[in-house]
Amino acid sequence: MNTTGWNLQGAAKVTNVTDTGNSELLLVPTTNGLSGAIFYNQPINLSMCNTWKAEFDFRMYDGTAADGIAFCFLDVPPVGFVSGGGLGIPATSNGLKVGFDTWNNCNASSTFEMPKVELRWGSGYSECWSQPTATNQGGFLNFIRSPSYSHAVVSYDNGNIAVSVNGTQLLTGYQVFNFPGYLGFTSSTGGQNDNQSIKNVVIYTQMPPSVAGIVNKAVCPGDTVQLGTANNAAYTYAWSPSAGLSSTSISNPYSVPTNATGNVFFQKYYVKTSYTATPGCSSQDSVVIQVNPYPLADFDVPVVCLPASNVVINNKTVINDGTQSQIAYNWTFSDGGTSTQTNPPHNYPSTGNFSIDLQAVSSKGCKNKVSKSFTVNPQAKATITVAPEFCLDSAVSFKGGAAGVNIQKWNWHFGDNATDSIQNPTHNYASAKTYSVTLSAITNQGCLTDTPSVTITINPLPIAAFTVSGLSCQNQSLHFTDVSQAPVGTIIARNWQFDDGATSAAQTVDHGFTAYGQHTITLKVENSKGCYSAVDTQKVTTNPTPVANFGVPVICKGTSGFFIDSSTIADGSQGQFTYQWLFGDGASGAGNHPSHAYTAAGNYTPRLIITSNKGCTDSISKSLAVSDFPVVNFNILTTDFCGNLPLQLKDNSSVAFAKLDDIRIFWDFPATPDSSLINNPVPGTVYNHNYTTFGYTNSKQVSVVVRAYSSGGCYSEKSSSSILFASPKLVFSPIPVFCADDKQPVLLNQAKDTTSFGGNGVYSGTGVSNGYFTPSTAGAGSYTITYTYTLVNGCKDSVQQTVKVAVQPTVSAGQSAVVLQGGQIVLQGAASGGDVLSYVWSPAASLNDPTLLQPLATPVNDTYYTLTATNNDGCFDTAGVLIKVLQFPLIPNAFSPNGDGINDKWQISYISSYPDCIVEVFNRYSQLVFKSTGYQLPWDGTYNGRPLPVGVYYYIISTKHLPAPLSGSVTILK
């Protein structure tokens, strides 16, 4: 069975059921719960091709009779088969279904007898629909399920449907289908089963025939092949693919196939034939052309490396059909000559442009040709670029070249058995002499260039050397002399390097080192060939130079002083110094601490010269002033004065050839040791001194002595005297602190004179008047009070004391407030004035903490609270606040206004605490019968002056203070 163009689904397969040779298609086997289908893969558009007929043989047997076969025309390819009662028809399919059903899935008491034949259309499928059905009444359809095949014919003509089996028409119907759909078969088994198969399926449609033609032989690429058949004007043709076709829209185009694969290639063409008037109704045919390959002709372009002119052409032709050895070759050379060899030889003795043609013919006669051109060039010329001379320690740089060609490999020979293979190498020679260098190269075509050569000279290096002479001491120059040699050329440049950073380019150099110890000196030279020597390195030892120093004595004329050596040397060898002293007055000395006396005062310059044990010397000179004796000169500017005032002394002492180191003034010599030492005094300076106040005598005399010292230790002195008068000796006791609100003047009596002499004292300062201090006048702050006392001798003195007027606190207890009975309130105390305040509230019984500024109060009754704030200076202030306590109203729930004097009115206790309250009473009909703002007159149970009847009434009282109105009921009794 040929199923080309058909799609098999589910359990459907080609096999043998009753025949041999796989000539049957088994839709489902004898297995429960299976489904299978086969559909043609090309749709038929029934709006265009409105006539078709299907003929086929079917068989349902071998099992327990279920479920059946359906021939279908469906709008979609089959998916989602249904087993059992669905005959395998997809549940959502739309179209025509012709069912051959062997199992009753409808009403079990139905008169229908199985098997039956059904016509069904629309979406889905049910055998129970009331559409055309042929049943087995009378048993005339028993052959539907049989071990033999039955022949069925289903026809469709513009909506008219007919079904015949074994030549007998069983069903007709009418239903137009105007959409494209797919023809095919479905089948299924459910709880029962059968082998359900088909064969000999032929479908006839109202479509034009498609003829693609027949190609009986293989062709070569480029051959012309005629396709198709004679043209019919009623038909429209469409060929695909278009590659190689002369036209895609005629009945008989020709093809010129190609094949560059080297293998046999099969070109398949399709033709679709449609009615021109109804283009949607079409058929299709195909034809296959076997295209034999042609040889893929190819060869390598020869590389001719003159002067070698003979070459062998490398043939690269291939074919992949197994006939490579049967290819025939025809070579044609542009300079004359042919060949049929596979790889022919040829000779190109001269330069020029040439070409080669190759035709390859396969064993099937398929031909292919290739032609290639090339140029034979003259032998390439290599070039060497290099300087003629180099120094022995230099890398020689070579530059290779070959104009007009690309080089794949370079061959250098440097003349010392060394080689290299790069274009621009560098090379170091081990010996100084002349070398012959050659170069050859291989081009990218494999051709060898010529071999040029050059000669280069490698010059020897100069030899650096130098000598050193001189005494090697710190900061003393040594003499360095260049004695270098040049085997070739002459020395033209020098580079001296000293390890202290100094350099030079001179032939001879004088250089000294500031640091003692071993030093390194190097010399490098250059000759006239541009070659540099190796570095010559020598070391020298520099001995330390002593550092001369000494201390000069401070002396007067005629007295001896010692000169103390303090010279040093870095290596600690100062014990081996040699000394020479020159004192500056013509005298000299030796040793490390000589003494010397100068006969005359004056300025001298002594000098010390020292020499180390290595012969290194140093010297130093210093200035020395030999002092004369000072001249003391001073004046007392104040005489006969009050003892509490300072004595003033102006000094003008001096000394020759030196300076005054200091003067000492004895203020009452020799009575007391009281004195003042003035270093480096300046002439003309006035010095003051205060004596201790005395009150035991009217006056006393003091003797003043001035002693002046020169820098040489010489001194002189002079004395003078003055009279001092008695002065007050005052004391001032502390004054107590006052408050700023104190308005009462306070007598000041804390100051007094402790001498035995009479006099008069006066107080002064802010807030002071006639010996009294008024705090409120001064205001808060600190003030200085001065007490001035004058003795009868006119001498006076004053003393001061500070008085503090403290800030007066200011206190507020806050605004009066109302609190409900049992409620709490924070007292809003506020206070200021003073650095530290303390607080006390009273009464304290209802407060959480009476020492807080804002305590929490829980009064039981109306309470007046007093706040006292005191600062750290003892000043205080007080304030008070009234807190009223509202009692919760006590509202009776009944009263009897009967005139007996008992409970005649509705008396509400504590309502008077709410003077702005609103009291309203309503009857049971929500009618207002009483209203009062305030409750000065209690309700007597009347409305508009008339007694209200006995009953229950309802009240609402808004207190304006409680969080919610009070409400409830009150009963009037009689």
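**Salt bridges, nonpolar cores and a small set of paired strands**

K659 is partly exposed, because its relative accessible area of 44% falls between the limits of under 20% for buried and over 50% for exposed residues. The model described here is predicted. In this model, the side chain of K659 meets that of D661 in a salt bridge, with a nitrogen-to-oxygen distance of 3.2 Å, and D661, at 26% relative accessibility, likewise counts as partly exposed.

A search of the whole structure yields 17 salt bridges. Side chains of opposite charge can pair when their charged atoms come close. Between E920 and K931, the closest N and O atoms are 3.9 Å apart; since E920 belongs to strand β79 (residues 918-922) and K931 to strand β80 (residues 928-933), this pair ties together parts that lie 11 residues apart in sequence. K931 is classed as exposed, because its relative accessibility is 51% and the limit for that class is over 50%. Salt bridges with shared partners also link D298, D300, K316 and K372 into one network. A further salt bridge, at 3.8 Å from N to O, is formed by the side chains of K116 and E118, and both K116 and E118 are buried.

The largest nonpolar core comprises 41 residues, of which L649, F773 and I785 touch the most other members. At least two residues of this core are supplied by each of the strands β53 (634-636), β55 (647-651), β56 (660-666), β59 (699-710), β61 (730-732), β68 (781-791) and β69 (796-806), and the largest share, 5 residues, comes from β68. When neighbours within four places in sequence are left aside, L649 is in contact with F634, N635, I665, W667, T685, V686, Y687, V704 and V706. Another core, of 38 residues, lies apart from the largest one and includes F56, L141, F177 and I198.

Among the strand arrangements, an open sheet of 3 strands follows the order β63-β67-β66, and the pairing within this sheet is antiparallel. The edges of the sheet are occupied by β63 (746-747) and β66 (768-769), each of which has a single partner strand, so that one side of each is left without a neighbour in the sheet. Strand β66 is joined by 2 bridges to β67 (residues 772-773), and these two strands run antiparallel; within this pairing, S769 stands opposite Y772 of β67.

Methods:
Residues numbered from 1 in each chain as written. Predicted model: local features only at pLDDT ≥ 70, side-chain atom pairs only at ≥ 80, totals over all residues. Heavy atoms only, no water. Core = buried A, V, L, I, M, F, W, Y, C linked by side-chain atoms within 4.5 Å. Buried < 20%, exposed > 50% of the residue type's maximum accessible area, 1.4 Å probe, protein only. Helix = DSSP H or I, 4+ residues; strand = E, 2+ residues; numbered from the N terminus. Contact = heavy atoms within 4.5 Å. Pairing = 2+ DSSP bridges. Salt bridge = Lys/Arg side-chain N within 4 Å of Asp/Glu carboxyl O.
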